[in-house]
Amino acid sequence: MPVKIRLQRHGKKGKPFYWVVAADSRAKRDGKFLEKLGTYNPNTNPATIDINVDNSVKWLQNGAQPTDTARAILSYKGVLLKHHLLGGVRKGALTEEQVEEKFNAWVEEKEKGIQAKKDGLSKAEAEAKAKALEAEKEVSDKRAAAALPEVEEEAATEGEEVAAEATEETPAVEEPAAETEEAPAAEAEAAKEEE
């Protein structure tokens with residue numbers, strides 16, 4: 001029975017989520033499988049991959065052939081490297097301790113690279129947000145500056161009209177007040193003469 005290490009598609013339309021499985025090559029893509037080795041989520045950036053390294057190496061040693069995509073995923077997680085190093089143990093070139101030491105050093109280096117990529121992506125996202133906010137502020141300031149002269153012109157013209165109306169009305173208001181002051185005085189004199 002030829003065994004393949006391949007992907008099984010899960011998830012909803014437009015949002016794929018894959019299981020990495022060891023399956024009979026004659027089985028349907030999403031059908032029977034022998035063992036689930038891990039998961040692969042391409043929807044995140046960077047893609048989220050969770051693989052059981054030891055079980056994957058066991059299947060490779062038993063002759064399972066990975067598909068092209070599965071091979072890339074296994075290589076990314078170091079499964080093929082560990083399989084290669086364990087081949088050196090079988091030949092007597094390496095010991096188990098050396099294999100574990102080399103593999104762990106490689107995994108640490110890989111994790112640093114992944115973390116650097118995540119940091120770079122978050123930094124780029126923050127810079128993009130800052131640029132968008134600054135551009136938005138500029139547009140808002142331009143709109144405010146364009147609206148401000150119109151408001152000032154309207155206020156200035158209204159202020160001039162109010163001032164002109166006030167100057168026209170002010171003498172008219174003052175003159176009747178002067179007449180009213182003279183009228184009571186004249187009435188008071190007339191009342192004195194009558195007595």
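1. Start with the lining of the largest pocket in this predicted model. Three elements each supply at least two residues to that lining: β4 (48-51), α2 (68-77) and α4 (96-194). The largest share, 4 residues, comes from α4.

2. Now try finding the pocket residue by residue. Its lining includes the run Thr 44, Asn 45, Pro 46, Ala 47, Thr 48 and Ile 49. Tyr 76 and Lys 77 also belong to the lining, along with Glu 111, Ile 114, Gln 115 and Lys 118.

3. How do the lining residues divide into nonpolar, polar and charged? There are 5 nonpolar, 4 polar and 3 charged residues. The volume of this largest pocket is about 180 Å³. As background, rolling a probe the size of a water molecule over the atoms shows where empty space is left.

4. Next, have a look at the strands near the start of the numbering. Strand β1 (residues 3-12) pairs with β2 in the antiparallel sense, over 10 bridges. One pair to look up is Lys 12 with its bridge partner in β2, Lys 15. The hairpin of β1 and β2 has 2 residues between the strands, and Gly 14 in this hairpin takes a positive phi near 85°.

5. Strand β2 has another partner to trace: 5 bridges join β2 to strand β3 (residues 35-41), and the two run antiparallel. Here you can pick out Tyr 18, whose bridge partner in β3 is Tyr 40.

6. Is strand β2 mostly covered or mostly open? Mostly covered: of the 10 residues in β2 (residues 15-24), 7 are buried.

Methods: Residues are numbered from 1 along each chain as its sequence is written. This is a predicted model: local features need pLDDT of at least 70, side-chain atom pairs count only at pLDDT 80 or more; totals for chains, interfaces and linings use all residues. Side-chain values use heavy atoms; hydrogens and water are left out. On a 1 Å grid over the protein atoms alone, a cavity is a set of points where a 1.4 Å probe fits but cannot get out, and a pocket is an open set with protein on both sides within 12 Å along at least five of seven lines; lining residues have an atom within 4 Å of a point. Grid points are joined across faces, edges and corners, and a volume is the space filled by probe spheres set on the points. Ala, Val, Leu, Ile, Met, Phe, Trp, Tyr, Cys and Pro count as nonpolar, Asp, Glu, Lys and Arg as charged, and the others, Gly among them, as polar. Buried means under 20% relative accessible area, exposed over 50%, partly exposed in between (1.4 Å probe, protein chains only). Two strands pair if DSSP finds at least two bridges between them.
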